[in-house]
Amino acid sequence: MHFIKFNILLVIALVSTTLVSCYAYPGFNFGWGGRNHGSRGGISYGLSPQFYQFSCPQANDIVMSVLEKAMAKNMRIAASLLRLHFHDCFVQGCDASILLDDSPAIVSEKNSGPNKNSIRGFEVIDEIKAKLEEACPQTVSCADILALAARGSTILSGGPNWELPLGRRDSNKASLIGSNNNIPPPNATIENLITFFKRQGLDEVDLVALSGAHTIGVARCATFKQRLYNQNGKNEADVSIERTFFFGLKTMCPRLGGDNNISPLDFGSPRMFDNTYFKFIIQGRGLLNSDQVLLNGGVKKTQELVKKYAQDESLFFQQFAMSMVKMGNLRPITGFNGQVRKNCRRPN
């Protein structure tokens, strides 16, 4: 009898130890909090806010410490890191493919039309990765670093916090074609924008809320110059631009040259994550065509949302957080698929 009891206790102890080991290892996650997951041997692998609870509990603190220093040197970096996550997730899902450099086997997404001479922040991601590799070798993926950096940048700019599902793994390939075809251009019409977002499983609410990320950051003259001089191919300006704003932009962006001159996307509070972006759109001061058409494009749903978010910052913050989680769940690589890159710029 004592022998049987001993065996039962031994089995319980072994099972408990195995489960603890599984939870502690970053490759094992039992489907918490994620809709998109793969499986192996009947076990489901999803995204979970607790993914690094045992394997790298200091991961977010490391990310935030690097971000604080980077933003103290250059406030633009917050918007750049938000944009990196967005441009990553819209191509092959949130797999850090945007971080891969050119190589004999890879044509980098950095060379695409939406990205070339435009996306920034790679050195900050490199620094975060190096510090995480010191603390927790081959544990935190580059795809998760992008998601953590996007959330951290939002928080440090005064925006909302959210519970962030983690557990993405990294792709070993990039898609230049996907980057050229799937990222909405700054001169997009409202119909274009809705199509681009629906292709990713995102709706009009996500479109307007995520566009609110333009409350921080800047844009080059090349991205909105057509609104000043040739909006409809007739050498005429966009009539939806408020006149004082229009003349200010013309001074900054001459008809010839100046394509790399920059303008804040939100003139009111370019360093603060707030709802001023939506207030400016209502005034006719949306910088990009893709900003102003949220109100002037003739789609009632997006018009109503712009007005709601302009009136209620907390509503905007709440929806932005929800839409960021939704976007971050786009086709992640999980479980035993993909890899955790040691260097975010190249596959292992």
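Angles of 65 to 115 degrees count as roughly perpendicular, those under 35 as roughly parallel, those over 145 as roughly antiparallel, and the rest as oblique. With that in hand, welcome to four close-ups of a predicted model.

**View 1. Helices α3 and α14 pack against each other at about 45°.** Here α3 covers residues 76-89 and α14 covers residues 313-328. Their axes lie 10 Å apart. Since an angle of about 45° falls in none of the parallel, antiparallel or perpendicular ranges, α3 and α14 are oblique to each other. On the α3 side, the contact is made by Leu 82, His 85, Phe 86 and Cys 89. Facing them from α14 are Phe 320, Met 324, Met 327 and Gly 328. Sorted by class, the contact has six nonpolar residues and two polar ones, with no charged residues.

**View 2. Helices α12 and α13 cross at roughly 100°.** Look for α12 at residues 289-296 and α13 at residues 300-311; their axes come within 6 Å. The crossing angle makes α12 roughly perpendicular to α13. From α12, the contact draws on Val 293, Leu 294 and Leu 295. From α13 come Thr 302, Gln 303, Val 306 and Lys 307. This contact of α12 with α13 divides into four nonpolar, two polar and one charged residue.

**View 3. The largest pocket holds about 890 Å³ of space.** Its lining is made of 39 residues, and those nearest the centre of the pocket are Arg 83, His 87, His 214, Leu 265 and Leu 288. Which element gives the most to the lining? That is α3, with seven residues. Elements that each supply at least two lining residues include α7 (190-199), α8 (204-211) and the strand β3 (218-220). The helices α12 and α14, met in the views above, also each supply at least two. By class, the lining of the largest pocket splits into 22 nonpolar, 11 polar and six charged residues.

**View 4. Ser 141 sits in the loop between α4 and α5.** The flanking helices are α4 at residues 122-135 and α5 at residues 142-156. Is Ser 141 buried or exposed? Its relative accessibility is 0%, and buried means under 20%, so Ser 141 counts as buried. Leaving aside residues up to four places away in sequence, Ser 141 touches Tyr 52, Arg 168, Arg 169, Asp 170 and Val 340.

Conventions
Residues are numbered from 1 along each chain as its sequence is written. This is a predicted model: local features need pLDDT of at least 70, side-chain atom pairs count only at pLDDT 80 or more; totals for chains, interfaces and linings use all residues. Side-chain values use heavy atoms; hydrogens and water are left out. Axes are lines fitted to C-alpha atoms, for helices over the stretch in contact, and angles run from 0 to 180 degrees between N-to-C directions. Helices (H or I, at least four residues) and strands (E, at least two) are DSSP runs, numbered from the N terminus. Contact means heavy atoms within 4.5 Å. Ala, Val, Leu, Ile, Met, Phe, Trp, Tyr, Cys and Pro count as nonpolar, Asp, Glu, Lys and Arg as charged, and the others, Gly among them, as polar. On a 1 Å grid over the protein atoms alone, a cavity is a set of points where a 1.4 Å probe fits but cannot get out, and a pocket is an open set with protein on both sides within 12 Å along at least five of seven lines; lining residues have an atom within 4 Å of a point. Grid points are joined across faces, edges and corners, and a volume is the space filled by probe spheres set on the points. Buried means under 20% relative accessible area, exposed over 50%, partly exposed in between (1.4 Å probe, protein chains only).
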